[in-house]
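Open the model in your viewer and keep the sequence panel beside it. Each stop below gives a selection and then what to look for.

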Amino acid sequence: MDIDVSLYAQIAAIAAVLLYVIAIVSALEAILKTRTAQGAVAWAISLLTFPLLSVPLYLVFGRNKFDGYLEQRDQIEEESLRLIRKTSGAVEQHLVSVSRDTPLYSSLFNLARMPATSGNRVELLIDGQATFDSIAQGLQSAEKYILFQFYIIRDDDLGRRLGRLLSDRARAGVKVFLIFDEIGSRKFGSSKLCQQLRMTGVQVVPFNTTQGRRNRFQLNFRNHRKIVVVDGKAAWIGGFNIGDEYLGKNKRRGQWRDTHTRVRGPAVLGAELAFATDWLWATQSHLSIDWDFNGEASGDSTVLVFPSDPASEYEEAGLMYHQAIVAAKDRIWIASPYFVPDHAIISALQLAALRGVDVRVIIPDEPDGPVVGMANWSFTRELLPLGVKVYRYQGGFMHQKVLLMDDETAGVGTANFDNRSFRLNFEITLLVKDPVFASEVEAMLLADMGRCRQVSREEIDNKPVWFPLAMGVARLFAPIL
C-alpha cells in the first residue's frame, strides 16, 4: 500500500511539473502571439496562476491564429491567375488600378489579396423573402455548377426547399458543392437533409476548423461566410443563413431584419476564389470547375470582394472597417447585430465625429444575449459624448452587417462589428462603389432608423447603480463575444 501511495505521489508530482511547464510555454506563446496587450497579459497571468483551469481553456480558446490556411490560399491565387489568363483578358479590362484616386480600394487591395473590378451590377436584397426567392431562382437556372456555403444550415422548411433545388440540379448533371460550418451547423451533418443531398450527388463537406496539428483542440474559429455562386455568372453574399427563423418564423425572435446582395459581373470571381480556398482546406483537393467570363460589363458598380480570416498576419475585417471610418468625409453609418469593437475602432469613430462626420450606429434593441447587450451599452457610453448617434432597432431582431460611407460607397457582408469577426472568424464583405447603390442603402438604413429609438446620454445616466459594474464585467469578455 505504501508503494502505491508513493507511486501515485510521484505521478502527481510529474503531472504537476508537466502542467506548469505547459503553462509557462503557453504563457510565452500568448505574450508573443496574442494580438492585444490586454489579452496577452490576461492569458499570461491566468496561465501562471491557475494552470489547471487555464491551460485547457487556452488550448481551446487561447489562439487567434489559424495555421495552414494562408498557404493554401496562395495556391488558389495561382489558380486565379490561370483562370484570368484563360479568359483572354476579359477580366483584366475591368481591373481597377491602385492609385491615389482610389484610396479605399488601394489601401484594402493588399489585405483582400485581389483587385477591385468595374462593370458589375449589384442588387440589394432586403429581408428573407426577397433573398431566398432570388437565390432559389438562381439555383433553378444553374447549368454548370453551384457553390453553396453557409455558417448555419437547418433541416427545416427553408433548408428542405433549397435542398430540393440543389438535389434537382445535381441529378441534372450540375456540379453542386456545399460547405457548412460544423459548429454553426452542429446538427446538419447528421440530418436527414444532409443524407439526401449526398445521395443525390451533392458534394457536402464540413469546413473542418480543427484540421491540422495546431488547430486540433480549437473550437474558437468559425467559418461565418455565406456565399452562393451559380455558373460564375452571379453570386449572393450577405447576412442570411439557412433556417426558418430568417424568414421571421421564430416566435421568440419575431421579424428578422437582414440584408443580402446579388452581384453579376467580374466580381463574381472574388466570391469563387473565397469558396475555392475554403474547399481546398476542407477537402485537401482543388475545386473542379472552370470559370468563364465573356468580358461584357453587367453594370456600373466597382466592387471589391473582401474575404477575411484568422490565418492572415493582420486583422483584415477590423482594418477594413477602420479604413472606411478614417476615409469617411461626410458620413459613416454602420449597422451590426454585434457591436463589440476594440479600442482602435472606438477611437476612430470618436475622431470621425470630432471632425464633423455624421457617425451613426444601428444595433438591435434586444441583442443576442445579456453579456453582448451589456457590452453594447459600455461602448455606447463612450461614443455619445462625442456626437456619435446610436440607434436601437425595435422592429424585431436586426442581423444585417452593412456600412455606408459618404455618398458612393457601401458594404454588405457577413462581418459583424466585433472582435470575433475582426480576429477569429472567416468572413466575406462586398464593398461597392456606386452612387446609385449607395442611395438604395441609404434609403434602407433610413427606414431602419425609423424603427429605432435613439439612445441619449440621459438614458445611460439614469440606469440603476449596478449597471456600470455590469457593463465593465461584460466588457472583459469583449475579445471572445
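The tour starts with the whole chain and then moves through helices, strands and single residues.

**Before you select**

This is a predicted model, in which local features need pLDDT of at least 70 and side-chain atom pairs count only at pLDDT 80 or more, while totals for chains, interfaces and linings use all residues. Numbering runs from 1 along each chain as its sequence is written, and side-chain values use heavy atoms, with hydrogens and water left out.

**Stop 1: the whole chain**

Colour by secondary structure. The chain has 16 helices and 20 strands. Helices (H or I, at least four residues) and strands (E, at least two) are DSSP runs, numbered from the N terminus. Next, colour by accessibility. Of the 481 residues, 56% are buried. Buried means under 20% relative accessible area, exposed over 50%, and partly exposed in between (1.4 Å probe, protein chains only). Now turn to contacts, meaning heavy atoms within 4.5 Å. Among contacts with a separation of 6 or more, 83% are between residues 24 or more positions apart.

**Stop 2: helix H9 and the residue after it**

Select residues 268-283, which form H9. At 1.5 Å a residue, the 16 residues of H9 should span 22 Å, and the end C-alpha atoms are 22 Å apart, which agrees. The expected span is 1.5 Å times one less than the number of residues in the helix. H9 is mostly covered, with 15 of its 16 residues buried.

Step on to Gln-284, which follows H9. Gln-284 sits in the loop between H9 and S10. Its phi is near 60°, a positive value in a residue other than glycine. Gln-284 counts as partly exposed, at 45% relative accessibility.

**Stop 3: helix H11**

Select residues 343-354. These twelve residues of H11 should span 16 Å at 1.5 Å a residue, and the end C-alpha atoms are indeed 16 Å apart. Show side chains. Buried here are Ile-345, Ile-346, Ala-348, Leu-349, Gln-350, Ala-352 and Ala-353. Just after H11, find Gly-356, with a positive phi of about 95°.

**Stop 4: H10 against H11**

Keep H11 and add H10, residues 316-327. Their axes come within 9 Å and cross at roughly 10°. Axes are lines fitted to C-alpha atoms, for helices over the stretch in contact, and angles run from 0 to 180 degrees between N-to-C directions. H10 is therefore roughly parallel to H11. The cut-offs are under 35 degrees for roughly parallel, over 145 for roughly antiparallel, 65 to 115 for roughly perpendicular, and oblique for the rest.

Which residues make the contact? From H10, they are Gly-318, Tyr-321, His-322, Ile-325 and Val-326; from H11, Ala-344, Ile-345, Ala-348, Leu-349 and Ala-352. The contact residues divide into eight nonpolar, two polar and no charged. Ala, Val, Leu, Ile, Met, Phe, Trp, Tyr, Cys and Pro count as nonpolar, Asp, Glu, Lys and Arg as charged, and the others, Gly among them, as polar.

**Stop 5: H7 against H8**

Select residues 157-171 for H7 and 192-199 for H8. The two pack at an angle of about 10°, with their axes 9 Å apart. H7 and H8 are therefore roughly parallel to each other. H7 contributes Gly-159, Arg-160, Gly-163, Leu-166 and Ser-167, and H8 contributes Leu-193, Gln-196 and Leu-197. This contact holds three nonpolar, four polar and one charged residue.

**Stop 6: strand S1 and its partners**

Select S1, residues 117-126, with S10, residues 301-308. Two bridges join these antiparallel strands. Two strands pair if DSSP finds at least two bridges between them. Asn-120 has Ser-301 in S10 as its bridge partner. Now add S9, residues 259-264. Six bridges join S1 to S9, and this pair also runs antiparallel. Look for Leu-125 opposite His-260 in S9.

Stay on S10 and pick Thr-302. Thr-302 is buried, with a relative accessible area of 16%. Leaving out residues up to four places away in sequence, Thr-302 touches Val-96, Tyr-105, Ala-116, Thr-117, Ser-118, Leu-431, Val-432 and Lys-433.

**Stop 7: two single residues**

Go to Gly-373 in H12, residues 370-383. Gly-373 counts as buried at 8% relative accessibility. Add Tyr-338: the two are 35 residues apart in sequence and 8.7 Å apart in space, C-alpha to C-alpha.

Finish at Asp-406, in the loop between S16 (402-405) and S17 (409-413). Asp-406 is not a glycine, yet has a positive phi of about 55°. At 11% relative accessibility, Asp-406 counts as buried.
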